[in-house]
Amino acid sequence: MISQPYPSPSPTIKNLRRIFVLRNVVIAFLSSTALALVYFDIPIHRLSIVESIGAMLLLNGWTWLRLRSSAHIRDGELFVQLLGDIAALTLLFYFTGGYSNPLVWMYLLPLAIAAVTLPPRLVWAITALATACYSALVFFHAPLSHLHVNNLVGVGLDTHLAGMWLGFIVSALLVAGFVSRIGQNLRENDRLIAEAREQVLESERMLALGALAAATAHELGTPLATMAVLAGELSDEHADNPALAQDLALLRKEIGRCKEILSSLAASAGQMRSEGASSIALDDFLSEILQRWRDTRPALQFDCELQGVTPAPHIAADRTLGQALVNLLDNAADASPEHIEMHGGWDAAELRIDIRDFGRGLTPDIAARAGMPFFTTKQEKGMGIGLYLARTILGRHGGNVNLESHAQGGTLTRIRLPLTGLAVESRS
């Protein structure tokens, strides 16, 4: 069966993981602060603090279960998670001085996370709730009798100001360490969206080219059939003229090749890879393609050396991959009609091929524009879509094509194709 890559986690799952880690840090910080207050014998509502921290632990336990499940995480769930954080903080602050608690800045943490992960309407809802809870603590809270304590452990230190100082340090670290990571995740998501949009545009171009190819195949069928009949009649009429008969035989062979190409195009139109796709050993796949291509260029000196692990991995038979390789070989042969070289190899994970021609090489302008649709350096001979199609086909399978000038002249075409997405279990 065809191997499938492991799907990447969605942005909401990544954000929920970061909320989970951030909440663990907050729980550890609050627990350490509570233990310090107990150590310095500062009166606090211990049971209420334990209940507040316990509520956060339960919320994080639920978060952990959600992360382990395969369920889809939506923005609404992140919103509920942040509501739970605000509720737990409000319970904690109510029993520890209310708005005068030096750690009341923690209300900003769920608000900052909401601002970079949730849509505006949910951000404003979180903002309104956090503001309402903070305002309520101004009028409703259990005051602390020892909020300001001096000469702490022999040092002149105001507990409230020390708490503000510690709170600033922790908040700065949390914002730098977590909120910035969430922002990075959003930028990565924007990049993936831009890449997906570009892939859609490429697919639309390929669809247009496919429709054009199908229409061309249909339109060329009748003229080729007529040419084949006429070439056959001319061969019969001039059988006594060896030179003309030889040219007519070559013409009939080329007409037959055109008809074969059109038949292959029609047969593979709309072909999709599936679980039932036929498999072929990679070395056999390459041999068949190269042998067919050699037959079209009998006068070309083609030095080919391919080596890889044996037995070669089996891949899904995909005509488009063969056509991509043929396009690149044709480009090299057109640039260097007398001699080209091809070297490469494979392992279980990747196919690597280098094609070198001995032509004029690449100028900076050509290197920058190579691979763009309908850009060609062959004047009237080329259409400017061979390299573009090869890159698109290989890119669809995770591969790439790079062109560079060879140090000793000519152009070096580097092909890299991952085999994991094409791998098929061999059938005995």
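1. A salt bridge here is a side-chain nitrogen of Lys or Arg within 4 Å of a carboxyl oxygen of Asp or Glu. Asp347 and Arg352 fit that description: their side chains meet at 3.4 Å, N to O. Please bear in mind throughout that this is a predicted model.

2. Arg352 has a second partner to look at. Its side chain also forms a salt bridge with the side chain of Glu350, at 3.6 Å, N to O. So Arg352 takes part in a bridge with Asp347 and in a bridge with Glu350, and both distances meet the 4 Å cut-off.

3. Are the residues of these bridges buried, partly exposed or exposed? Asp347 is partly exposed, at 29% relative accessibility. Arg352 has 28% and is also partly exposed. Glu350, at 27%, counts as partly exposed too.

4. Next, a bridge inside a helix. The side chains of Glu195 and Arg191 meet in a salt bridge of 2.3 Å, N to O. Both residues belong to helix α6, which covers residues 159-237. They are four residues apart, so about one helical turn separates them. An α-helix has 3.6 residues a turn, so residues three or four places apart point the same way. Glu195 is partly exposed, with a relative accessible area of 36%. Arg191 is partly exposed as well, at 37%.

5. There is also a network. Salt bridges link Asp354, Glu404, Arg414 and Arg416. For the overall count, a search of the whole structure finds 11 salt bridges.

6. Now helix α4, residues 108-117. Which of its residues are buried? They are Leu109, Pro110, Ile113, Ala114 and Thr117. These residues cover an arc of only 130° around the axis, which puts them on the same side of α4.

7. Pro102 deserves its own point. This residue is found in the loop between α3 (75-94) and α4. Its relative accessibility is 17%, so Pro102 counts as buried, the limit being under 20%.

8. Last, a contact across the sequence. How far apart are Pro102 and Trp165, in sequence and in space? In sequence, 63 residues separate Pro102 from Trp165. In space, the distance is 8.6 Å, C-alpha to C-alpha. Trp165 falls within the span of α6, residues 159-237, while Pro102 sits in the loop that comes between α3 and α4.

Methods. Residues numbered from 1 in each chain as written. Predicted model: local features only at pLDDT ≥ 70, side-chain atom pairs only at ≥ 80, totals over all residues. Heavy atoms only, no water. Buried < 20%, exposed > 50% of the residue type's maximum accessible area, 1.4 Å probe, protein only. Helix = DSSP H or I, 4+ residues; strand = E, 2+ residues; numbered from the N terminus. Arc of directions from axis to C-beta.
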